[in-house]
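Grab a viewer and warm up your selection syntax. Below are some short exercises, each with a worked solution to check yourself against.

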Amino acid sequence: MSNRYSIVAQPEAISFDQDRTAVMVIDMQNDFGSRGGMFDLAGLDISPIQCLVPPIALLLEAARKAGLLIVYTRQEHNSDLSDAGNDDSAHRIKHRRMNIGRVVTAPDGSESMVLVRDTWNTAIVPELAPQPGDVVISKHRYSAFFETPLDAILRTRRINTLIFVGATTSICVESTVRDATFRDYRPVVLRDCTAELIAADAARSNHEATLLAIELLFGWTAESGDVIQSLLAEAAAG
């Protein structure tokens with residue numbers, strides 16, 4: 001029998017079933033969260049993303065013990081960028097500014113490429129590496145549902161609730177949350193396990209704006225500690 005968990009959330013508490021819930025780890029890859037990755041090479045402060053690693057690791061440990069499905073996503077492209085859109089497409093133009101496809105040297109001295117699959121740049125950060133039984137989704141746009149098998153995988157497993165962690169809040173997390181809502185999933189975004197570099201130092205950040213929009217119209221937000229506490233309490237009771 002599947003365990004059922006209840007957590008404090010905004011705008012109201014939410015319950016979910018063990019065998020119908022997946023943790024979505026969005027784009028916790030070297031290009032976004034490691035020294036020498038795309039964001040770091042662009043001169044961006046990646047510390048907000050690096051700070052996500054410990055709480056996400058604790059959440060994944062509890063989720064695996066509880067038997068929840070873990071799904072990782074990686075934003076990545078073919079080495080010839082054939083899946084990055086036409087030369088005049090918004091996706092290609094915006095990412096050209098971030099040096100998509102640029103040949104770089106990985107920290108171990110090997111050759112790598114920015115946002116290109118099967119390279120160091122798009123590998124999940126080592127502290128959060130996928131484990132046997134986890135699902136890894138390769139995506140070539142912000143949303144993990146766009147031209148990927150994600151929806152089919154979730155529906156085959158009868159998943160209806162998605163717990164989101166990762167980066168960045170207002171881009172890849174929000175894009176995937178919106179698409180999840182449109183497909184009638186129940187998204188729960190963990191406030192302390194997501195981060196946004198855009199307007200991070202502004203009085204009203206993109207991170208907070210996204211969380212507000214999600215609470216109002218697209219799903220729920222919660223804290224990882226409340227999820228972990230619920231998972232561990234049920235395990236102890238069982």
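What follows is a set of exercises on this predicted model.

**Exercise 1. Find out how β1 and β2 are connected and paired.**

Step one: select the two strands, β1 at residues 4-7 and β2 at residues 14-17. Step two: look at the link, which is a hairpin of six residues running from β1 to β2. Step three: check the pairing. The strands run antiparallel, and four bridges hold the pair together. If you want one bridge to click on, take Tyr5, whose partner in β2 is Phe16.

**Exercise 2. Sort the residues of β2 into a covered and an uncovered face.**

Start from the general pattern: side chains in a regular strand alternate between the two faces of the sheet. Now walk along β2. Ile14 and Phe16 fall on the covered face, while Ser15 and Asp17 fall on the uncovered one.

**Exercise 3. Work out how α7 and α8 are oriented towards each other, and what their contact is made of.**

First, the general recipe: a pair of packed helices is described by the angle between the axes and the distance between them. For α7 (residues 169-182) and α8 (residues 206-218), the angle is about 10 degrees and the axes are 10 Å apart. Angles under 35 degrees count as roughly parallel, so α7 and α8 are roughly parallel to each other.

Next, list who takes part. From α7 you should get Thr169, Ser170, Glu174, Val177, Arg178, Thr181 and Phe182. From α8 come Asn206, His207, Thr210, Leu211, Ile214, Leu217 and Phe218. Sorted by class, that contact has six nonpolar, six polar and two charged residues.

**Exercise 4. Describe the surroundings of Thr176 and decide whether Thr176 is buried or exposed.**

Begin with location: Thr176 sits in helix α7. Its relative accessible area is 0%, and the cut-off for buried is under 20%, so Thr176 is buried. Then look for a polar partner: the side chain of Thr176 reaches the backbone oxygen of Cys172 at 2.8 Å. Finally, skip the neighbours within four places in sequence and see what Thr176 touches. You'll get Ile26, Tyr142, Ser143, Ala144, Phe145 and Phe164.

**Exercise 5. Track down some unusual backbone geometry: cis peptide bonds at Pro11 and Thr168, and positive phi at Leu81 and Asp118.**

Keep the usual expectation in mind: most residues other than glycine have a negative phi, and most peptide bonds are trans.

- Omega for the bond joining Gln10 and Pro11 is about 10 degrees, a cis peptide. Pro11 lies in the loop between β1 and β2.
- Ala167 and Thr168 are also joined by a cis bond, with omega about -10 degrees. Thr168 is in the loop between β8 (161-167) and α7.
- Leu81 isn't a glycine, yet has a positive phi of about 60 degrees. Look for Leu81 in the loop between β4 (69-75) and α5 (90-96); at 11% relative accessibility, Leu81 counts as buried.
- Asp118, not a glycine either, has a positive phi of about 60 degrees. Asp118 is in the loop between β6 and β7 (135-139), and is exposed, with a relative accessible area of 74%.

**Exercise 6. Place Gly109 and get its C-alpha separation from Ala213.**

Go to the loop between β5 (103-105) and β6 (111-113), where you'll find Gly109. With a relative accessible area of 53%, Gly109 is exposed. Then run the distance: Gly109 and Ala213 are 104 residues apart along the chain, and their C-alpha atoms are separated by 42 Å.

Conventions:
Residues numbered from 1 in each chain as written. Predicted model: local features only at pLDDT ≥ 70, side-chain atom pairs only at ≥ 80, totals over all residues. Heavy atoms only, no water. Buried < 20%, exposed > 50% of the residue type's maximum accessible area, 1.4 Å probe, protein only. Pairing = 2+ DSSP bridges. Axes fitted to C-alpha atoms, helices over the stretch in contact; angles between N-to-C directions. Parallel < 35°, antiparallel > 145°, perpendicular 65-115°, else oblique. Contact = heavy atoms within 4.5 Å. Nonpolar A, V, L, I, M, F, W, Y, C, P; charged D, E, K, R; others polar. Polar contact = N/O pair within 3.5 Å; in protein donor to acceptor, adjacent residues only side chain to side chain.
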